[in-house]
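This report concerns two helices of one protein chain and the confidence that goes with the model.

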Amino acid sequence: MATELFFFTSIPNLPFPLIKFPKHHQSLPLFSLAPPTISSRFKTVSSSKARPSSSTVVVHAVQEEVVQTPNSDSKVTPASSSKLVLVAGGSGGVGQLVVASLLSRNIKSRLLLRDPEKATTLFGKQDEETLQVCKGDTRNPKDLDPAIFEGVTHVICCTGTTAFPSRRWDGDNTPEKVDWEGVRNLVSALPSSLKRIVLVSSVGVTKFNELPWSIMNLFGVLKYKKMGEDFVQKSGLPFTIIRAGRLTDGPYTSYDLNTLLKATAGERRAVLMGQGDKLIGEVSRIVVAEACIQALDIEFTEGEIYEINSVEGEGPGSDPQKWRELFKDAKAK
């Protein structure tokens, strides 16, 4: 059973303000990026390179990868001047796929990273008015200057660390500091005008005293994630919580954006979703990233918590209607 539990990718450790990387004479020909309006207070960045039950539902959709490749014939979402998505943990296993997918849709993004140089490695040269990177550490509330959140309309928080002591815990990168204090500090700093925060959590958080979850929770990771969830729910902000199964696929820690866009979930593209913390299993990081992005705009996901796994079969890809059906059916069970 322990093999069906999750591990989150750690985020490196560094301090605050916004960084500007030198412009490159080339830009990736992957997207058509429309110039949005950006606050003059920010320096922008050219960043680089199962088992279904009565409470679950599997959606088998058209054959389509969750993250579109540069050669995909699928339509991308046009740029929206009204949406600015802040991603916390954008260099982590789920976060990097969230960012890549937002870029493929021409959605303005702002990354909150401890080490802004990682954006260069992961995302290539991007339009500096479309992708912004700010240096900040959610574990330190003094790092979260209000200017970071200026103009932000949506937030996806996918910060996390390992469940058991490892080198990733160096620099006080423990579950208590990341999954509890970090989430609390971030949520406390968000503007009341926010349209949605999507928090990536874990299956099993309500059962951390029960086997097999108690093994996973030996160092408190599930307990602290649940504390983070509770704080989000009590914040008064519109939220959606995505509880992921054990994460598979990636993390793509030293690749460029082309590699991220070609990432696939293999045969495990069908999505198994439920509520009530009943799922046990695995989920592709690609599927989790897509679920986060889709939840931003589905009105009835506000105030809801969903568990998500992925299984063999054709999945919803990035089709908004299929994701609406998936979330709706899970909520109805």
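Helix 5 covers residues 221-234, and its 14 residues should span 20 Å at 1.5 Å a residue; the end C-alpha atoms are 20 Å apart, which agrees. The model is a predicted one. Buried positions in helix 5 are Val221, Leu222, Tyr224, Lys225, Lys226, Gly228, Glu229 and Val232. The elements covering these buried residues include two helices, helix 3 (175-189) and helix 4 (213-216), together with strand 6 (196-202), strand 7 (239-244) and strand 11 (304-311). After helix 5 comes Gly236, which has a positive phi, near 85 degrees.

Helix 8, residues 320-332, can be set beside helix 5 in terms of span.

| Helix | Residues | Number of residues | Expected span | Span in the model |
|---|---|---|---|---|
| Helix 5 | 221-234 | 14 residues | 20 Å | 20 Å |
| Helix 8 | 320-332 | 13 residues | 18 Å | 18 Å |

In helix 8, Trp323, Leu326, Phe327 and Ala330 are the buried residues. They lie on the same side of helix 8, because they cover an arc of only 90 degrees around the axis. An α-helix has 3.6 residues a turn, so residues three or four places apart point the same way. Lys328 and Ala332 are exposed, on the face of helix 8 turned away from the buried side. At the N-terminal end, helix 8 is capped by Asp319, with a side-chain oxygen 2.9 Å from the backbone nitrogen of Gln321.

Confidence is as follows. The average pLDDT of the protein chain is 79, and 76% of the residues score at least 70. Residues 1-79 have pLDDT below 50, although this stretch has 267 contacts in the model beyond near neighbours in sequence. Where pLDDT is low, the predicted coordinates should not be read in detail.

Definitions and conventions:
Residues are numbered from 1 along each chain as its sequence is written. This is a predicted model: local features need pLDDT of at least 70, side-chain atom pairs count only at pLDDT 80 or more; totals for chains, interfaces and linings use all residues. Side-chain values use heavy atoms; hydrogens and water are left out. Helices (H or I, at least four residues) and strands (E, at least two) are DSSP runs, numbered from the N terminus. The expected span of a helix is 1.5 Å times one less than its number of residues. Buried means under 20% relative accessible area, exposed over 50%, partly exposed in between (1.4 Å probe, protein chains only). Contact means heavy atoms within 4.5 Å. pLDDT is the predictor's confidence in each residue, from 0 to 100. The arc is that of the directions from the helix axis to the C-beta atoms. A polar contact is a pair of N or O atoms within 3.5 Å; within protein, one must be able to donate a hydrogen and the other to accept it, and residues adjacent in sequence count only if both atoms are side-chain atoms.
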